[in-house]
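Reader: I am new to this structure and would like a close look at one part of it, the salt bridges. Please explain where the paired side chains lie and how open they are to the surroundings.

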Amino acid sequence: MELQVGLLGLGTVGAQVAERMLGRREAIAERTGVDLRLRRVLVRDLARPRGIPTELLTGRPEDILDDPSIQVVVELIGGEEPARDYLERAIRAGKHVVTANKVVMAKHGPDLLELAGARDVEVYFEAAVGGGIPLISTFKVDLIANDIEQIAAVLNGTTNYVLGRMAGAGIGFQEAVAEAQSAGFAEADPSSDVDGFDAAYKLSILASIAFGARVHPDDVYREGIREVDPLDFRYARELGYEIKLLAYAARPGGRIEVRVHPAMVPSHHPLATVEGANNAVQITGDLVGEVLLWGQGAGGRPTASAVVGDLLDLAHSVRKGAFNRVAMRFDPNPALLPMAEVRSRAYLRLRALDEPGVLAAVGSIFAEEGVSIASMIQKDSVEEGTAELVFTTHPALEAGLQAARARIAGLDQVKTVGAFYRVI
């Protein structure tokens, strides 16, 4: 049988998907029993030289969305609009869709999935999170018997590369970002990565699927890595930690907790050893325990791999006539845990006058805010007459940690509170 495909976008990922579909058409047909035929490709500039036959190209989205012979639409143009509109139009027209669009799936995924269920078509979006790591299928199929208890992940390769360079070379944030850009790991404008937006989009998708709830990116507490100080990598390692941009989701007491921020991760923890632009996701289920998925989380080839993998999976489903293998439903109004009520350990570094009474004053504030100190290190400071004080705490409410942080910063003996990180 034949399955005709329309491709929206021919950028880095789209070009590799098209090349694989055209160059491996016979092998794909042999593997799936379906002839996946690339019928049309939407591009912005028809005059630009392409590596595929010109008769496949079009500048009109309706040539794909309104063509009844096209049964599958692959969306790789990125961004929220018009990508969301194109996907919705395709689903309403009874077409299956495959997308790598994390923004659309984070903000509108539950609506699109429910619409697809009503239209009896499939939405595949493995490439939207984790590049070549099979995350979505793991949640939808392999872990379906589990109640997911926790997700802890390194989901952004750019920030992981930047933090790795800061830790390894002792360089500052701006220099590390410049290196990441030169190496091709960071965009000219890295804001989406370094400010935590990319990780928040991905975490909202994973949390929505894992917990069966509409978790919007705006529900995710988010901090980026711009304020990470190279000095703290040295102290972190003395204490047995690495600094990572952590994406974390859990459901304590029935309320959903979702947050993205720099965190101290124990050196023996699997996430602490994720290097370069790799991603890793640790999932905890009530039956399976801990599962770790690891691999290339970004880049044209891993993303194209996930897109083509979705197409092959879809082809199998079409041939067998078995769609919507697992019905996906989402609680429209899930109970969310406010960040102030999150419990975590913390790391606090401050520079204070090197004189009697400072530790007593700081300790009193911690105690009054319900925070118990786990350890304290004192180091000489570059400024004469001052000392660096590094505290770690036992688990405490975020509200208490932040209140203590603000009050300590206001002490006359304290020059600066240089760093605050949560500890897992």
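Author: A short view of the whole chain comes before the salt bridges themselves. This is a predicted model, in which local features need pLDDT of at least 70 and side-chain atom pairs count only at pLDDT 80 or more, while totals for chains, interfaces and linings use all residues. Residues are numbered from 1 along each chain as its sequence is written, and side-chain values use heavy atoms, with hydrogens and water left out.

The chain contains 14 helices and 17 strands (helices, H or I, of at least four residues and strands, E, of at least two are DSSP runs, numbered from the N terminus). Its radius of gyration is 24 Å, close to the 22 Å that the globule rule gives for 424 residues, so the chain is as compact as a globular protein of that length. That radius is taken over C-alpha atoms, and the rule is 2.2 Å times the number of residues to the power 0.38. The C-alpha trace spans about 80 × 45 × 30 Å along its principal axes. Of the 424 residues, 52% are buried, where buried means under 20% relative accessible area, exposed means over 50% and partly exposed lies in between (1.4 Å probe, protein chains only).

Now to the part asked about. Side chains of opposite charge can pair when their charged atoms come close. A salt bridge here is a side-chain nitrogen of Lys or Arg within 4 Å of a carboxyl oxygen of Asp or Glu. By this rule the chain has 28 of them.

One of these joins R60 and D63, with 3.2 Å from N to O. R60 counts as partly exposed because its relative accessibility is 45%. D63 is also partly exposed, at a relative accessible area of 23%.

Another pair is K107 with E80, whose closest N and O atoms are 3.1 Å apart. This pair links distant parts of the chain, 27 residues apart: K107 belongs to helix α5 (residues 102-119), whereas E80 is in the loop between β4 (72-75) and α4 (83-92). K107 has a relative accessible area of 26%, so this residue is partly exposed. E80 likewise counts as partly exposed, at 26% relative accessibility.

The salt bridge between K202 and D198 lies within a helix, α10 (residues 197-211), and its closest N and O atoms are 2.9 Å apart. An α-helix has 3.6 residues a turn, so residues three or four places apart point the same way. K202 and D198 are separated by about one helical turn because they are four residues apart in α10. Both of these residues are buried.

Salt bridges can also be linked to one another, and E81, R84, E88 and R92 form such a network.

A further acidic residue deserves a word for another kind of contact. At the start of helix α11 (residues 230-239), a side-chain oxygen of D229 comes within 2.8 Å of the backbone nitrogen of L231. In α11, the buried residues include D232 and F233. Just after this helix, G240 has a positive phi of about 90°.

To sum up the pairs described, K202 and D198 are both buried, whereas R60 and K107 are partly exposed.

How values were computed:
A polar contact is a pair of N or O atoms within 3.5 Å; within protein, one must be able to donate a hydrogen and the other to accept it, and residues adjacent in sequence count only if both atoms are side-chain atoms.
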